[in-house]
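Me: Could you zoom in on a single part of this model for me? I'd like a close look at one piece of helix packing, with whatever context helps me find my way there.

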Amino acid sequence: MTGQPDTATEPVIPDHFQAPHPATGTTHVLPGFKITLGLTVFYLSLIVVIPLAALIARPWEHGLSGFLFVLTDTRVLHSLWLSFFTALAAAVVNTFAGLVVAWVLTRYNFPGRKLLDALIDLPFALPTAVAGIALSSLYASTGWIGSLTEPLGLKIAYTPIGIFLALTFIGLPFVVRSVQPVLAEFEAEIEEAAETLGASALQTALRVILPALMPSLVTGFSLALARGVGEYGSVIFIAGNMPYISEIAPLLIVIKLQEFDYAGAAAVGVIMLAISLVILLFLNIAQRYFASVGGTNAGSAK
Amino acid sequence: MSLIITNVNKTFTNFPALRDVTFEARSGEFIALLGPSGSGKTTLLRLLAGLDTPNSGSITFEGEDYLKLNPRDRRVGMVFQSYALFRHMTVAQNIAFGLNVRPGKQRPSKVEIKSTVDRLLRLIQMEDLGKRYPSQLSGGQRQRVALARALAINPRILLLDEPFGALDALVRKDLRRWLKRIHHETGVTTIFVTHDQEEALDLADRVVVLKAGKVEQIGTPLEIHSQPSSAFVFDFLGSANKANGRIKDGVAHFDGFNAPVAGAANDGDYTLRFRPYEVHLARDGTGIPVTVTAVLPAGSNLRLELKGTDGSLFETQHQHGSAAHGFAVGDQLRLRPERVYAYA
Amino acid sequence: MTAKAARAPKTTGAVLLLLFTLLWLGFIILLPLINVLATAFSQGLPPYLAALQTEDAKAAILLTLLVAAISVPLNALFGVCAAWCITRFEFRGKSLLLSILDLPFSISPVISGLVWILLFGFQGWFGFLMRDHDIKIVFALPGLVLATVLVTLPFIARELIPLMEDQGTDEEVAARTLGARGWDIFFRVTLPNIKWALLYGVLLCTARAMGEFGAVSVVSGHIRGLTDTLPLYIEITYNQYDTIGAFAAASILAGLAIVTLVLKTLLEWRFAGELAASRRH
């Protein structure tokens, strides 16, 4: 195109134009960085950081020895052990059962499948107090199940077994929902490749599909475990709450608060927080390990 | 040892994917299934692997009714378009998979498996990469591992579904050469699916051309190329120039000149086809009057794009160094096909 | 590449797995739910309705709604802010921010209540407010709100962040180059793109806010009629063997949970594509 350049009009600069900041050397093209970052940090500090700081600072009120005193109290130790062990047992059971449930929901078509699939989230959506009284009344000696098991000598309500069952209810969605999407996206061609190479359905499931599901199983397990350790509402009704026998750690915190032992309550809280963080750390490391062996999707590398 | 496919039909809901497909693959042959997308090539391959069943027809191998066997028992080695390597297994474990899953008595010993894997790693020239994971390999390397994995089970037939589709041009050429060599060494009957005619003609002993689920033509690459049996095959195999003319007594008559006809054809008016490289182009003399619209040096040849007086477009191909180099855009020339093809 | 299609279970292995699943889910999930409804109505409709109309029950319901009505919008605003600043800009400390954002999910609800006592309780850092000025944060509505806000903080942000990350900044940048101001960009370009994920997050947040028990239990002081939300009301009535009262209240929350699931399924079904992005955490 030939001709004179158009000099009739200069480019119009909008009046809210922000020139690049010489200080940072970068331009934020979109507006609102400072204000949204500010609000976000403010909110998080107010709601999360400062309260947690109060928690972490409190146990040392009576010095290191005070904290250690709480830490070595057998009642405290037993409650932590109970909370952790029942949560672990429930998470393990949920991992196996959850795998089967996820498998069935993804691979088989049957009437009511969609309904069942929606139901999986119920333990997640149901308020913990509701779950608590439902389970407690179910397994009490007058309950539908309790009345069947107690004559056989198996007392469930007010024992660690009851706690275990409640935590199994709570943790069920975690494994299923972790595994489902991975299984649902698993490429048919991989299975067909295994089939043409001579593998039976069982061999394909165990050697080819299951290893690809490991990351999601570990994720689901960790989430269920973390949730179970701190669970209160669904457990408090079915647990016997007897010290040294069926008293969970969160309950101990509540009791200490009622006794105005803020430092003690905070001490137990800090330990529980530490346990949660360790579980998260474990999950993080596991996920990084799996990522290094070839990515986060199931299926073939392309 | 031959694979015989007779009158195979496959319909998906309302879509007929394969219609009366019949052909034979002799022992050790390399057959290419060539055709555009949707022509049924992959469907046919999946039927051969046992991943699908035909609605009617028979497939036999060495006289054995293949349709009675499931994929596990057919012992076909299949290489998928997406390679379908097992992501969480090393290269060596991938290759050994087919041997590891054999039921107890049929499973070779650990030593035997290792030696097979090593032999195949040498074959695919990846001896030092056995411990790598698929995510650490390039596309071409993954392709080779997929092939080695399929070969490990000593397959009776090798099925390849557009194996070079996802790779770039240079890698494809390399792998083509390499696949030819492998086939020569192993001698396995191979069925190779592709939509790339150059690939098919380069690799195959015989080509089966498919269109919309039907077999258009079967022949050696030479036969397919020089004697395409239909307009579809002609057009699919390369550029087609078209000009109207009349055939009388086996000679095509144009305005001012004649041209020999390939194959037999009845008298009549036709839209005749001819190849870009079977033409004579000159500034004067007889021929179709054309104007040069583009001069394109394309790799090993010189290509010219031309326009006739009635607006029809032509393409011609010339060797570098020929007289065609003197032509420029806007030149008025005469185009004479040296051989034409007639289809009803 | 596609996944294998689901088919009817044919092999004995498949049928066994299906049977196990049905029994397991029926036992673990359905039985408690049915128990709640059956017990609530075990003495018929009139006692059920009467139980819901006591002063304390009504106060509990109202309080629960009030707490949710305050907490959810706060967290929604925060969620949008956080999602905007995290997905639209690059800056150091982003992953730290994200970790802090996720913290409420990993800590016990009792701790989420404990921290407020440690701040505003009698012996808390700000205990003087209570002791000297009779300003009650905990054992009153503000405490309930704070505890609920902490517990449900991540819900909306976690729905928005992956989605907005996935959608990228192209559209907003284009709007910017066309001269749009901040609010314009947000309301005209961003909001329409995230509205379903936002709705979904608000739904989950509300359900959780109304059902929260542990954290609220710690900060409430259990002042009947004043600081007892519906879940706390359930606890009190249950412990006093007021079975119908407890289960009637529980049935309301259970019904709410089912409504949540139905809405959730509906939203997922209709906007699967957009929500799928937020699933890929």
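**Domains, odd backbones and a helix pair**

Reply: Starting with chain B, the assignment splits it into domain 1 (3–230) and domain 2 (239–341), with bounds that come from an automatic or database domain assignment. The centres of those two domains of chain B, taken over C-alpha atoms, are 40 Å apart. Bear in mind that this is a predicted model: local features need pLDDT of at least 70, side-chain atom pairs count only at pLDDT 80 or more, and totals for chains, interfaces and linings use all residues. Residues are numbered from 1 along each chain as its sequence is written, while chains are lettered from A and ligands numbered from 1 in the order in which they are written.

Two asparagines in chain B have an unusual backbone. N7(B), which isn't a glycine, has a positive phi of about 50°, and it sits in strand β1 (residues 3–12) of chain B. (Helices, H or I with at least four residues, and strands, E with at least two, are DSSP runs numbered from the N terminus.) N154(B) also has a positive phi, near 55°, but its place is the loop between α5 (139–152) and β7 (157–161) of chain B.

How exposed are they? N7(B) has 13 other C-beta atoms within 10 Å, so it is partly exposed, whereas N154(B) has 12 and therefore counts as exposed. The cut-offs are 20 or more for buried, 12 or fewer for exposed and partly exposed in between, with C-beta atoms placed from the backbone.

Now the close-up. In chain A, helix α12 (residues 249–258) packs on helix α13 (residues 262–292) at about 160°, with the axes 8 Å apart. That angle makes α12(A) roughly antiparallel to α13(A), a label for angles over 145 degrees. Axes are lines fitted to C-alpha atoms, for helices over the stretch in contact, and angles run from 0 to 180 degrees between N-to-C directions. The crossing of α12(A) and α13(A) is left-handed, meaning the near helix is turned anticlockwise from the far one by less than a right angle.

From α12(A) come A249(A), L252(A), I253(A), K256(A) and L257(A), which meet G264(A), A265(A), V268(A), G269(A) and M272(A) of α13(A). Contact means C-beta atoms, placed from the backbone, within 7 Å. By class, this α12(A)–α13(A) contact has 7 nonpolar, 2 polar and 1 charged residues. Here Ala, Val, Leu, Ile, Met, Phe, Trp, Tyr, Cys and Pro are nonpolar, Asp, Glu, Lys and Arg charged, and the others, including Gly, polar.

Methods:
Angles under 35 degrees count as roughly parallel, over 145 as roughly antiparallel, 65 to 115 as roughly perpendicular and the rest as oblique. Two residues are in contact if their C-beta atoms, placed from the backbone, lie within 7 Å.
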